[in-house]
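I opened this notebook page to record what I looked up, one entry at a time. The single residues come before the chain as a whole.

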Amino acid sequence: MDVWKAIVLGAVQGFSEFLPVSSSGHLILLQRWLGVEDGGLFFDVMLHIGTLIPVFIVLFREIIGLFKVPKKLLYLIIATIPAGLTGVFLGDKIEGYFYSGDLLAAILLGVTFILTATELFVAETVSKKREVFEPLSIKHAVCMGVAQGFAIVPGLSRSGTVLSAGCFSGLEKNQNAAFTFLMSIPVILGAALVSGYKCVKQGVSVEIVPIIAGVLTAAVTGYIAIKFMLSVIKRADYKWFSLYLAVIAVVSVLSKVIFGV
């Protein structure tokens with residue numbers, strides 16, 4: 001793989017993993033528009049590890065706090081179960097529809113982008129009208145966990161869907177932000193482990209320089225995205241993401257219809 005392709009893939013993974021715009025949806029678009037192929041299983045594993053680095057840096061205190069407050073750790077485990085189940089039983093089937101590269105795939109991606117845009121818009125409206133917020137409880141863990149289970153569908157942003165679920169269930173904004181990003185840790189680790197197992201099973205060649213470039217780019221852009229989102233969540237200001245997703249949904253379909261990509 002060319003180094004520039006690794007950097008592009010790393011930047012897309014890093015930014016879109018934590019911004020509420022769907023990393024999987026954007027990687028699909030990238031492959032369609034630029035002809036950038038999937039970097040391979042080992043590269044996929046390393047990109048996931050790259051996006052984990054900023055989570056541990058930014059949320060180090062919260063991660064350590066999980067072991068001091070067993071109840072919060074239990075909530076994280078509960079919130080992880082739905083995504084684990086849907087990923088294992090439905091992940092490959094769902095991705096098959098979106099990675100086929102035909103018009104139906106483009107339309108499906110456009111629809112899921114619109115769904116994310118809608119949920120973010122509604123979440124902002126609800127959050128700004130709500131006067132009383134609640135501390136993290138099992139109710140919020142279940143709601144956000146179920147939302148994350150649905151978000152394995154490309155185009156449905158994991159962070160956006162989970163954040164919206166936190167807003168709808170009344171979770172306090174700072175806790176919503178922290179728990180949303182904490183929830184990304186087991187999901188990203190799980191994806192890396194699955195890809196890693198496939199690497200061992202199939203055997204892969206390793207290109208060191210592109211991998212290093214991709215991982216570093218994913219880590220840096222992921223850090224920027226997390227810090228940015230922490231400030232956005234406090235204001236519950238999601239409308240610009242909604243507008244962007246609405247535009248990219250239309251462009252996704254039109255580019256396939258008009259240009260065939």
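**Entry 1: A213.** I first looked up the accessibility of A213, which is 16% in relative terms, so the residue counts as buried, the cut-off being under 20%. I note that the model is a predicted one, and that each value in these entries is therefore computed from predicted coordinates.

I then located A213 in the chain and found it in helix α10, which covers residues 208-235. Next I asked which residues A213 touches, not counting those up to four places away in sequence. I found V3 and I7.

I also checked A213 against F259, which is 46 residues apart from it along the chain. Their C-alpha atoms are separated by 31 Å.

**Entry 2: S164.** I turned to S164 and asked whether it is buried or exposed. Its relative accessible area is 2%, so I entered S164 as buried, again by the cut-off of under 20%. S164 belongs to helix α8, residues 158-168.

For the side chain of S164, I looked up its polar surroundings. One of its polar atoms lies 2.8 Å from the backbone oxygen of G160.

I then listed the contacts of S164, leaving aside neighbours within four places in sequence, and obtained E119, L120 and A123. E119 is 45 residues apart from S164 along the chain, and I read a separation of 6.5 Å between the C-alpha atoms of these two residues.

**Entry 3: Secondary structure.** I asked how many helices and strands the protein chain has. I recorded 11 helices and 0 strands. Read from the N terminus, the order of elements is α-α-α-α-α-α-α-α-α-α-α.

**Entry 4: Overall dimensions.** I looked up the radius of gyration of the protein chain and found 18 Å. A compact globule of 261 residues would have a value near 18 Å, so the two agree. The C-alpha trace spans about 50 × 40 × 35 Å along its principal axes.

**Entry 5: Burial and contacts.** I noted that buried residues account for 48% of the 261 residues in the protein chain. Of the contacts with a separation of 6 or more, 84% are between residues 24 or more positions apart.

**Entry 6: Surface and charge.** I recorded an exposed area of about 12,500 Å² for the protein chain, with 73% of it supplied by carbon and sulfur atoms. Lastly, I noted 20 positive and 16 negative side chains. The centres of these two sets lie 8 Å apart.

Conventions:
Residues numbered from 1 in each chain as written. Predicted model: local features only at pLDDT ≥ 70, side-chain atom pairs only at ≥ 80, totals over all residues. Heavy atoms only, no water. Helix = DSSP H or I, 4+ residues; strand = E, 2+ residues; numbered from the N terminus. Rg over C-alpha atoms; globule rule 2.2 N^0.38 Å. Buried < 20%, exposed > 50% of the residue type's maximum accessible area, 1.4 Å probe, protein only. Contact = heavy atoms within 4.5 Å. Areas by Shrake-Rupley, 256 points an atom, 1.4 Å probe, with all protein chains shown as cover. Lys, Arg positive; Asp, Glu negative; His and termini not counted. Charge placed at Lys NZ, Arg CZ, Asp CG, Glu CD. Polar contact = N/O pair within 3.5 Å; in protein donor to acceptor, adjacent residues only side chain to side chain.
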